[in-house]
Every structure is written in structure tokens, then in C-alpha cells.
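Student: I'd like to go through a fold with you, one question at a time. Could you show it to me?

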Amino acid sequence: WRASRMRVCADGAANRLFDGLGTQSLRATHVPDLIAGDLDSIRDDVRAYYERLGARIYRDRDEDHHDLDKCLSQLLPVQDRWIQEGTRSMTIIVL
């Protein structure tokens, strides 16, 4: 987690991350930079928690694409910015 430059969760995955970490101290050190999707799955308490800690929430109502696609589409401008900054590649790990 610490070695990642950016951490992104689909909305339902944010619930699993929150529940799986179990303790406040672990949750506080594992905050996604972005939570994306149609936001039909994320619980209100999880959304409020991550928003309070600085996670950006992106809602895409498009019903023709999966939440993973919505997450990846949000990485395109990030990739462009990183390339301009001199980064030569972006590695994406999906769990």
C-alpha cells in the first residue's frame, strides 16, 4: 500500500477495505485516494469516513460500464500528468 503512488477503489471495494482492516489505526493508514463507481454499493458510514480523511469520491451514473472501468477511466488524466512529469510507466494492480 505504501509503495503505491495512487490507490483507487470501486465503491463496493471501499466497504471491503474498511471492514477488512478492522481497526481504526489500520484504516487511517489505508485511505484510498479515489473511490469511483455508480456509488450504489458504498455504505454511508464508509463514504463519510473516507471523505473525512481526504478520499475523492467520483460518481459515474453510466450503466453500460462496470465500476472497474469507471476507476480506470479516472486514471487516464493522472497517467497523462505523470507522463508530463517524467514518469515512464504506470503499473496498475487490481485486487
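Tutor: Here are some questions and answers on the core, the strands and the cysteines.

Tutor: This is a predicted model, where local features need pLDDT of at least 70, side-chain atom pairs count only at pLDDT 80 or more, and totals for chains, interfaces and linings use all residues. Residues are numbered from 1 along each chain as its sequence is written, and side-chain values use heavy atoms, with hydrogens and water left out.

Student: Which element gives the largest share of the largest nonpolar core?

Tutor: A nonpolar core joins buried Ala, Val, Leu, Ile, Met, Phe, Trp, Tyr and Cys residues through side-chain atoms within 4.5 Å; buried means under 20% relative accessible area with a 1.4 Å probe, protein chains only. Of its 14 residues, A14, I35, I42, V46 and Y50 touch the most other members. Two or more residues come from each of α1 (11-21) and α3 (44-52), helices being DSSP runs of H or I with at least four residues. The largest share, four residues, is from α1.

Student: In which sense do β2 and β3 pair?

Tutor: Strands are DSSP runs of E, at least two residues long, and two of them pair if DSSP finds at least two bridges between them. A36 has Y58 in β3 as its bridge partner. Over four bridges, β2 (residues 34-37) and β3 (residues 56-59) pair in a sense that is parallel.

Student: How many disulfides are there?

Tutor: A disulfide needs two cysteine sulfur atoms within 2.5 Å. The sulfur of C9 is 7.6 Å from the closest cysteine sulfur, in C71, so it is too far for a bond. The count of disulfides is therefore zero.

Conventions
Buried means under 20% relative accessible area, exposed over 50%, partly exposed in between (1.4 Å probe, protein chains only).
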